[in-house]
Amino acid sequence: MKASKQVSLRRIAALVAGLSMFGPFAIDAVFPAFPQIGAQMGADKLAMQQVISVYLLTYALMSLVHGALSDALGRKRVIIGGLVVFILASIGCALSRDMGSLLLFRGLQGLSAGVGYIIGRAVIRDLYDGDDAQRLMSQVSMIFSIAPAIAPIIGGWLLGWSHWQGIFWFLVAFSTLLLVVTCLWLPETHPPQARLSLRPARLAQDYWSIAVNPRFLRLALAGSLGFGGLFLYIASAPAFILDLLHLNEQQFAWLFIPTIGGMALGAYASGRAAGRIAGTRAVRIGYAFMAVAAVYNIAYNALAPQMSVPWAVLALTLNSFGVALIFPILSLAILDMYPRQRGTASSMQAFSTLVTNAVIAGVLSPLLSRSGLGLAIGAALFALGSGLMWKWERISQRAQRNTPAA
């Protein structure tokens, strides 16, 4: 029985990790192809940035719906539907011959891309409790976080072997594989008797009750702002690699391998800490790493006469390690607040992260990526904001425990 449970855990971990990966992976796998696409379609840098912004906008808007649909229709059915739409949209991107068509199909990609990550987290909490849930959530958070980091590396390799369309054909193949494995491996974890209705009035009430819950807002902002510091560098990858570090399209790994390494180590540490170290202590350790990273990054960029690797990317390893420690614990805390509405709660958390990322990609990245110091200060402010939200949460919880019951 124990061996069977371990096999099931490994299968679910692999599948949910893959499902969590394809949405964020598609965000910036096309980064290395920006010059080629722009030249072919006559688009400048500002227009090319919309390839990311349109995707993130539709991703964020639809993320509000995925979880509620899975609460009403079942997890597996909604994931399969989302994968089918994503496959068709990726084919449309690969066949696009003008900027309007490409942006249209990128929008359709974004509409479907969130099903894996959002519903996958609800699947984890449906199946597992306690330490098992934290370990699995740590692995999924790692994959979700590193997917945008490895995407430009793989995109650069694909660009070296083919034209920019090859990146989208790769997405077609990957999501098709996920579709097949989902049909074969994923059990339905949300039985009919536990499902909720799709009545608009009830859904609106559920969304509103979560959105105005002060504790949800604190935890969701702590997570989205914490990841925002990393995403600022991910969204600024072309400027950071090509303009600031003066590297070429095949050298995006200099930005992303340190991020991947930090995320992998942080997720491993979070999984190992489950059952050994209290979650609040693990979060404090995570923020300590993020603080050290922020101080080093600002000092380096303020004092170094010229940015160079590896010193310009060292802070990313420390920061990503800290983010990987805190994110699973914050996510589980949110899901545990709403045991009957885990899909909806997961949607709302994802929405807060995606809105933050859309603002970063569309507004902050173009402004801050003109200098290394600008990026360093921006990342530090995100870490500070996340830490303040967590501090507020801890103060509120202590006050609640110390308040006598009526």
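**Entry 1: His-246**

I count a residue as exposed when its relative accessible area is over 50%. With that cut-off in hand I opened the structure, which is a predicted model, and went to His-246. Its relative accessibility is 57%, so I noted His-246 as exposed. I then looked up where His-246 sits, and found it in the loop between α11 (237–244) and α12 (253–273). The backbone caught my eye too: His-246 has a positive phi of about 60°, although it is not a glycine.

**Entry 2: another loop, and a cis bond**

Next I turned to the loop between α13 (279–303) and α14 (314–337), where I found Pro-310. The peptide bond joining Val-309 and Pro-310 is cis, and I wrote down an omega of about 5°.

**Entry 3: Thr-317**

From that loop I moved on to helix α14, which holds Thr-317. Is Thr-317 buried, exposed or partly exposed? I read a relative accessible area of 25%, so Thr-317 goes down as partly exposed. I also checked Thr-317 against Thr-259: 58 residues separate the two in sequence, yet their C-alpha atoms are 5.2 Å apart in space. Setting aside neighbours within four places in sequence, I found Thr-317 in contact with Pro-258 and Gly-262.

**Entry 4: Ser-112**

I went back along the chain to helix α5 (residues 99–113), where Ser-112 has its place. The relative accessibility of Ser-112 is 3%, and buried means under 20%, so I marked this serine as buried. What does the side chain of Ser-112 reach? I traced it to the backbone oxygen of Gln-109, at 3.1 Å. I then listed the contacts of Ser-112, again leaving aside neighbours within four places in sequence: Phe-22, His-66, Gly-82, Val-85 and Phe-86.

**Entry 5: α6 against α15**

My last stop was a helix pair. Helix α6 (residues 115–127) packs with helix α15 (residues 342–368) at an angle of about 140°, and I noted 8 Å between their axes. That angle is why I call α6 oblique to α15. The crossing of α6 past α15 is right-handed. Which residues make the contact? On the α6 side I listed Ile-118, Arg-121, Ala-122, Arg-125 and Asp-126. On the α15 side I listed Arg-342, Gly-343, Ser-346, Ser-347, Gln-349 and Ala-350. Sorting the residues of this α6–α15 contact by type gave me 3 nonpolar, 4 polar and 4 charged.

Technical notes:
Residues numbered from 1 in each chain as written. Predicted model: local features only at pLDDT ≥ 70, side-chain atom pairs only at ≥ 80, totals over all residues. Heavy atoms only, no water. Axes fitted to C-alpha atoms, helices over the stretch in contact; angles between N-to-C directions. Helix = DSSP H or I, 4+ residues; strand = E, 2+ residues; numbered from the N terminus. Parallel < 35°, antiparallel > 145°, perpendicular 65-115°, else oblique. Left-handed = near helix turned anticlockwise from the far one by under 90°. Contact = heavy atoms within 4.5 Å. Nonpolar A, V, L, I, M, F, W, Y, C, P; charged D, E, K, R; others polar. Buried < 20%, exposed > 50% of the residue type's maximum accessible area, 1.4 Å probe, protein only. Polar contact = N/O pair within 3.5 Å; in protein donor to acceptor, adjacent residues only side chain to side chain.
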